[in-house]
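Me: Hi! Could you walk me through this one? I'm new to it, so please go slowly.

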Amino acid sequence: MDLDYTADESAFREEVRAFVCASLPKEIAAKVHDGKRLTRDDFLTWHRTLAKKGWVAAGWPKEHGGPGWTAVQQHIFDEECAAAGAPVVLPFGVRMVAPVIMRYGSEEQKRHFLPRILSGEDWWCQGYSEPGSGSDLASLRTRAERKADHYIVNGQKTWNTLGQFADWIFCLVRTSTEGRQQEGISFLLIDMKSPGVTVRPIRMLDGEHEINEVWFEDVKVPVANRVGEENKGWTYAKFLLGHERTGIAGVGRSKRELAKLKEIARRERSGGRPLIEDTRFRDRIAQVEVELMALEVTNLRVLAEEDTRRAPGPEASILKVRGSEIQQSLSELQMQALGAYGIPYVPEALDARWEGDPVGEDYAAPLAGHYFNMRKTSIYSGSNEIQKNIISQMILGL
Amino acid sequence: MDFSLAEERRLLQDTIRRFLANEYSFDKRRARVAGEEGFSRGTWKEFARLGLAGIAMREEDGGLGGDAFDTLIVMESFGRALVAEPYLATVVLGAGIIADAGNEGQRAAWLPGVSEGDKLLAFAHGEPGARYAESYVATRAVREGSSWKLDGRKSVVLNAQSADAIVVSARSSGKENDRDGISLFLVDPKAKGVSLRPYATQDGGRAAEVELHGVAVSDEARLGEAGHAMPAIDAALDRANAALCAEALGVIDALNEATLEYLKTRKQFGQPIGRFQALQHRMAEMTIKAVEARSMAILAAAAMRQGDARERSRRVSAAKAFVGQASRFVGQQAVQMHGAIGVTDELIVSHWFKRLTMINATFGDADHHLGRFSDLLLTEE
């Protein structure tokens, strides 16, 4: 039993750190650290930088252009990128649709899509949820009717993160109403420029436009863009949801946010004294730090196991539940540290180019919005209640 | 990074579990804790024969040269079986502090005896006014020529009534809370001026209040440098808390297994109660806590290798705080989900629950350790 990183792993960390330090534009890192709005170009700049280095698809095997890293190496890479203030590599292409294409896609799909995901040429978004199908995803109703060599798709998807920038959307669609509802679903890759696709913004509780709904009206999708077999899409959907373990806990990002929380608590004043000297508040920081330590070691245990033997399993649910709860606690405490300065709503301050007068400290403006925004983490990719159902059924056999 | 158990540790675990399965059923334990001493000297000798008493002791002191991960395996198994023998008091605390602070003569006089199962020890540090404050020592040590005179009172000294020697902390200078001025002494419990008020503990163990009235102790019985015992005391408490985290782990897993089994077999409203989502989610949360508590017990054991005492204590406090909170949750929910049978003495569930509760109260509860961790934030970086 040994909790220390090996010499090789530590050397790898140094290599990643040096590269990120040299390659990540300072103004992008500043936006991430300060909680400012990131543009499409910010995401793409970092994506392309990593792609050139061969590091953008940390979890991919070498044969498809990935670095072939172990799970522990991927974790180290995540940690270093997060600490440096790199934007996340958006998961929709690299971590979601790509593994499905690799596992179940045709040779032609692999040849066409995987390189474009790597290079950043195609921006992907996710078409899973519908207005009537959230936790009960298999009840989805977007229809795809087979007409010779293509499908005609009609329906509506929702909660499409950054879909306003997307070139492609991967969709679960209903191709049959026979049998169990899980048995009539297919997995389609749809070009967002197809006639009949409409993207509408959904303004979220923080006032920001991050999420969209996507409408399909008689959209023609070539049969060649179906992944795997017709009516077997549910299998691929579950594979996609269960595939991702590395990074699901968000340890790297939470460590960065914890450091920021401490920094804020040192700078904020309470009764004229540094807030961190207030025992009641400091204990709450301590509590979330202790929980983050438990999450970090748990994450490493899961990753170490992944490297030595097993395929991803229901442990992902544990990491998801705790990872999201900790992210939420951190954002809540950051906001709470501001006291009454959590109240002013100054959205222009989220624009890094804005040169107006800040209200309160310069770090204050994004924090309440960030807290509101982070409520999503216990709702998305299988709500925490669904995760507990998975634990009950898959781990405990209840 | 490696979280697997090395082959010899796996064997150790199998050996202990097999022994406990045969010799330490719940009924046999009941008989043991009802006895005069609260444990069995015969079983203690068996533990020693299996190598457990000297497992983490240096080979030159008569041990097997293991480390905190071996202690983790022993304590985890002991937790599950609710072992009442004085392993924490004798091996982890007593022998640990003698190995750490004692000179060659003291180590030779005590450690091989502990390793062989012939000697029992206790550690008398806590005091009525200290609660959990690590450096609060009001007991006085006054030097008189080549000996010392000890006066004071030590509280809840685990297994003091069975000990052949008690390691006592006492102050020769400074105020009650000063880190400087504290020394350690090996005290014979039968010496003049030592009086014990022995009692049973809530979880079936044994402890005593130890009064010291002008107890004369020779200077040869002093462990380590006079007035500078705090580093050794901190290390001893960290070692004990890491071990308690491991013990709690064994109890938590046992409670979760029993509760899960109960959810699958107990029927109400015509179906197993595990079909109800309210209980499923509670069980899922208990499972998450158990997984995370194991991570923290591993972290605490690994911390014992830390050269930096501050970082060692910081990690152990994080672990004890987390495991304390997890223990409280799992213990209370396990009892709750068992319903009325969970609050009877008949079922082992209530005994596990009580042991977890007492582990939390031993050497600092979750709030204390969270506070210690929290206070270190003030001087970070």
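Reply: Happy to! One term to begin with: the bend at a residue is the angle between axes fitted to the seven residues ending there and the seven starting there. Helices (H or I, at least four residues) and strands (E, at least two) are DSSP runs, numbered from the N terminus. This is a predicted model, where local features need pLDDT of at least 70, side-chain atom pairs count only at pLDDT 80 or more, and totals for chains, interfaces and linings use all residues. Residues are numbered from 1 along each chain as its sequence is written, while chains are lettered from A and ligands numbered from 1 in the order in which they are written.

Me: OK, so where is the kink in α5(B) centred?

Reply: On A95(B), in the helix that runs over residues 87-101, and the kink is about 25°.

Me: Is α5(B) largely enclosed or not, and why?

Reply: Largely enclosed by the rest of the structure, because 13 of its 15 residues are buried. A residue is buried if 20 or more other C-beta atoms lie within 10 Å of its own, exposed if 12 or fewer, and partly exposed in between, with C-beta atoms placed from the backbone.

Me: And how much of chain B counts as buried?

Reply: 52% of its 381 residues. For chain A, buried residues make up 44% of 398.

Me: Which residues have the most contacts inside the largest nonpolar core?

Reply: Among them are I166(B), A242(B) and M296(B), in a core of 229 residues. Helix α7(B), residues 230-265, gives the largest share, 19 residues. Such a core is a set of buried Ala, Val, Leu, Ile, Met, Phe, Trp, Tyr and Cys residues joined through C-beta atoms within 7 Å.

Me: What is A242(B) in contact with?

Reply: Leaving aside neighbours within four places in sequence, A242(B) has contacts that include A68(B), A301(B) and A319(B). Contact means that the C-beta atoms, placed from the backbone, lie within 7 Å.

Me: Changing topic: how do β2(B) and β3(B) pair?

Reply: In the antiparallel sense, over 5 bridges; strands pair if DSSP finds at least two bridges between them. They form a hairpin with 2 residues between them, and G145(B) in the turn has a positive phi of about 65°. R143(B) stands opposite W148(B) in β3(B).

Me: Last one: how many helices and strands does each chain have?

Reply: Chain A comes to 12 helices and 10 strands, and chain B has 11 helices and 10 strands.

Note on methods. Contact = placed C-beta atoms within 7 Å.
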